[in-house]
Amino acid sequence: MSGLMTDTQQSLLRTMLLIAVPMHIDKLCPLTPMRRCEIAHQCADVVAQHGDDLQAGGGHCAEAFNALARGLAAAALTAPGGVDALGGHWCADPWCRAASRFDHADTEQAATDDPEPITTPRQVADVIRDLADYLTEGEAA
Ligand SMILES: [Zn+2]
C-alpha cells in the first residue's frame, strides 16, 4: 500500500482524532515533560510500525490509532505551539481556536519550521518523533 490516503479516509481519521486527542491530553496533563517525550517516542514507534494497518484496516488498526492519538496528545502538550497533523491542530490550550501552531504568536521555533501539510499516519509518526527528539535534547541540555 502506498503512503497515500483518500480524502474520505483523511477526513474520517481527522474527525476521530478531534475527539480522541483531547481525551489523551487530559490523561497526559499531570505527567512530566520528560515522561510525555517518552510516550511520544513509544507512540511514534507503534505508528511507524503499524501505520499501514491504520490506513488499510489491518490487525493492528486500533493499536495504531490509539498510538497516533496519544502521541499527538503528548506532542501537543510539550511542543512550542502544539502540533498540526491531518488537518487538525492540538496544543496545551484547551480553548485554542488557532488553525495551526503557526498561528501562535509566541512560537519562535514553530515560525521557522516548514509548514508542509502532514497527511499520513507515517508522516505524523515522524513529526511526533522529531518533536520528542527536539524536546528530549532540550531537557538534556
Ligand atoms: Zn493552539
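The following legends describe close-up views of a predicted model.

**Figure 1. Overall arrangement of the chain.**
The predicted chain holds 5 helices and 2 strands. Read from the N terminus, these elements follow the order α-α-α-β-β-α-α. The chain has 141 residues, of which 36% are classed as buried. Among its contacts between residues at least 6 apart in sequence, 64% link residues at least 24 apart.

**Figure 2. Helix α1 and its buried residues.**
Helix α1 covers residues 7-28, a stretch of 22 residues. Its first and last C-alpha atoms are separated by 30 Å, close to the 32 Å expected at 1.5 Å a residue. A bend of about 30° occurs at Leu-17, and Leu-17 is also one of the buried residues of α1. The others are Leu-13, Val-21, His-24 and Ile-25. In an α-helix, residues three or four places apart point the same way, because there are 3.6 residues a turn. The buried residues of α1 pack against α3 (61-78) and against β2.

**Figure 3. Helix α2 and the kink at His-50.**
Helix α2 comprises 24 residues, from 33 to 56. At 1.5 Å a residue, α2 should span 34 Å, and the 33 Å between its end C-alpha atoms therefore agrees with expectation. Within α2 there is a kink of about 65°, and His-50 lies at its centre. His-50 belongs to the buried residues of α2, as do Gly-51, Leu-54 and Gln-55. Further buried positions in α2 are Arg-36, Cys-37, Ile-39, Ala-40, Cys-43, Ala-44, Val-46 and Val-47. Just after the helix, Gly-57 adopts a positive phi of about 80°.

**Figure 4. Leu-86 in the loop between the strands.**
Leu-86 is located in the loop that lies between β1 (83-85) and β2 (88-90). The phi angle of Leu-86 is near 55°, a positive value in a residue other than glycine. Leu-86 counts as buried because it has 23 C-beta neighbours inside 10 Å, where the cut-off for burial is 20 or more.

**Figure 5. Leu-86 and Ser-11.**
This view pairs the loop residue with a position in another part of the sequence. Leu-86 and Ser-11 are 75 residues apart in sequence. In space, their C-alpha atoms are 8.2 Å apart. Leu-86 sits in the loop between β1 and β2, and β2 is one of the elements against which the buried residues of α1 pack.

Definitions and conventions:
Residues numbered from 1 in each chain as written. Predicted model: local features only at pLDDT ≥ 70, side-chain atom pairs only at ≥ 80, totals over all residues. Helix = DSSP H or I, 4+ residues; strand = E, 2+ residues; numbered from the N terminus. Buried ≥ 20, exposed ≤ 12 C-beta atoms within 10 Å, placed from the backbone. Contact = placed C-beta atoms within 7 Å. Expected span 1.5 Å × (residues − 1). Bend = angle between axes of the 7 residues up to and from the residue.
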